[in-house]
Amino acid sequence: MQSHYDVVIVGAGHGGAQAAIALRAAKFAGSIAMIGDEPEPPYERPPLSKDYLSGDKPFERILIRPPAFWGERDVAMRLGRRVVRVDPQAHAVTTDDGATIGYGQLIWATGGSPRRLSCSGHDLAGVHGVRTRADVDRMIAELPGVTRVAVIGGGYIGLEAAAVLAKFGKQVTVLEALPRVLARVAGVALSRFFEAEHRAHGVDIRLGVAVDCIVEEAGRAVGVRLTGGEVVPAEMVIVGVGIVPAVQPLLDAGAEGGNGVAVDAHCATSLSHVHAIGDCALHASMFADGLPIRLESVQNANDQATVVAKALTGTTDPYAAVPWFWSNQYDLRLQTVGLSTGHDAEVLRGDPATRSFTVVYLKAGRVVALDCVNAVKDYVQGRALVLAGATIPPDRLADASVPLKDMAA
Ligand SMILES: Cc1cc2nc3c(=O)[nH]c(=O)nc-3n(C[C@H](O)[C@H](O)[C@H](O)COP(=O)(O)OP(=O)(O)OC[C@H]3O[C@@H](n4cnc5c(N)ncnc54)[C@H](O)[C@@H]3O)c2cc1C
């Protein structure tokens, strides 16, 4: 094993994989190593709460590239190892097996780990986060003995898992602290639509409830106690309450940040020769009024990886890609473009009862985002409106008989 590489990528997930792919595509001829703490080569994370959990896609089909690809591209894979220390002066990282690896350039692409509950019982057997293949394999192994599932957190991951498990015939209860599901990422109309869909599939959606603790019996979770004293019985508890970005070694090394590592428009951190990308990168986004945000999406990880690969091969394009995201629940495909955070109006296009409609989000009269449910044309055409920050009267936007492409100024 070499002890120095021109580029060391920490994190073998979406961003890390794309960084290596983009570097080689840009004819980068230097040495590259990728260090990842999971044992698997890079794989797609979105199917973990969708078709991998449901069994519709085997693991081989969610690999980002076939295992042989990395050797063919001369990317040294150091898997099953965790970087615990970064020495920015010596330009070296140390892994948990004590090895020190020098770098010319470091790309930090570590994502995050599921935020854990702080209440008692949070670490019992039967309590699961959903972030890695190992997490989901543990869930799948337990499912035959499970009748009732409690999902804590009504965000995308919790709702996707709820949809799969409801289809499996499990009795699923979603426990959401806020007054509606998806409250942090979508407007009221979309929340109400998904709540109704889940209820129609037999999922018990409980809003505005607070968890007191996980109830234990013989070392296993048997339910979730709410603060009012009620116990929701469950042999499996899924916790989907966000992630904590995996940036401690970089912050310890002096990088600026907090909830993520701060990066500039080229994904450079405050440490020289260190870039950060993906879920862990705190960047000022023009789609969030220039405020520093972390985006947790494949789009963001891939596009930031490409920006860094270009920067390291001589092209300095700032990161300015339009955010997009998707979620699959039952037979519904939600596609989002732009960021709806801070919107002050939402316009409904089409009728949710038809299960094909769009919500257009406006801020100070400008289109900032769209949530499109089974409405791929609106999703594709709406992108231009978000990019342009188009100002279109709400009654015109609401007219689903007029394609969005005909509304651009
Ligand atoms: C269940 C689930 C469903 C999702 N669904 C969608 C979706 O539908 N659409 C969408 O756009 N996005 C979705 N996402 C989000 C998307 O998967 C992430 O935004 C994306 O994976 C981010 O890529 P990343 O490279 O930043 O992090 P990751 O893909 O998480 O990769 C980071 C890797 O680094 C490793 N690591 C962490 N610390 C260290 C260390 N110190 N040393 C070595 N390795 C380390 C991690 O274990 C991990 O393997 C989903 C995520 C999950 C978990």
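**The ligand site and one cavity**

Around the ligand there are 33 residues, and D37, E38, K50, R131 and D279 come nearest; a residue counts as near if one of its heavy atoms lies within 4 Å. This is a predicted model, where local features need pLDDT of at least 70, side-chain atom pairs count only at pLDDT 80 or more, and totals for chains, interfaces and linings use all residues. Residues are numbered from 1 along each chain as its sequence is written, and side-chain values use heavy atoms, with hydrogens and water left out.

Now the shell. By class it has 14 nonpolar, 10 polar and nine charged residues. Here Ala, Val, Leu, Ile, Met, Phe, Trp, Tyr, Cys and Pro are nonpolar, Asp, Glu, Lys and Arg are charged, and the others, Gly among them, are polar. Helix 1 (14-25), strand 2 (32-36), helix 7 (298-312) and strand 22 (324-329) each give at least two residues to this shell.

Which atoms of E38 and V298 lie by ligand oxygens? For E38, a side-chain N or O atom is 2.5 Å from a ligand oxygen. For V298, a backbone N or O atom lies 3.0 Å from one. On its own the ligand has 980 Å² of accessible area, and the protein covers 96% of that (Shrake-Rupley method, 1.4 Å probe).

Last, the lining of the largest cavity. V263, D264, A265, C267, H283, A284, Q304 and Y319 form this lining, which divides into five nonpolar, two polar and one charged. A cavity is a set of points on a 1 Å grid over the protein atoms alone where a 1.4 Å probe fits but cannot get out, and lining residues have an atom within 4 Å of a point.

How values were computed:
A polar contact is a pair of N or O atoms within 3.5 Å; within protein, one must be able to donate a hydrogen and the other to accept it, and residues adjacent in sequence count only if both atoms are side-chain atoms. Helices (H or I, at least four residues) and strands (E, at least two) are DSSP runs, numbered from the N terminus. On a 1 Å grid over the protein atoms alone, a cavity is a set of points where a 1.4 Å probe fits but cannot get out, and a pocket is an open set with protein on both sides within 12 Å along at least five of seven lines; lining residues have an atom within 4 Å of a point.
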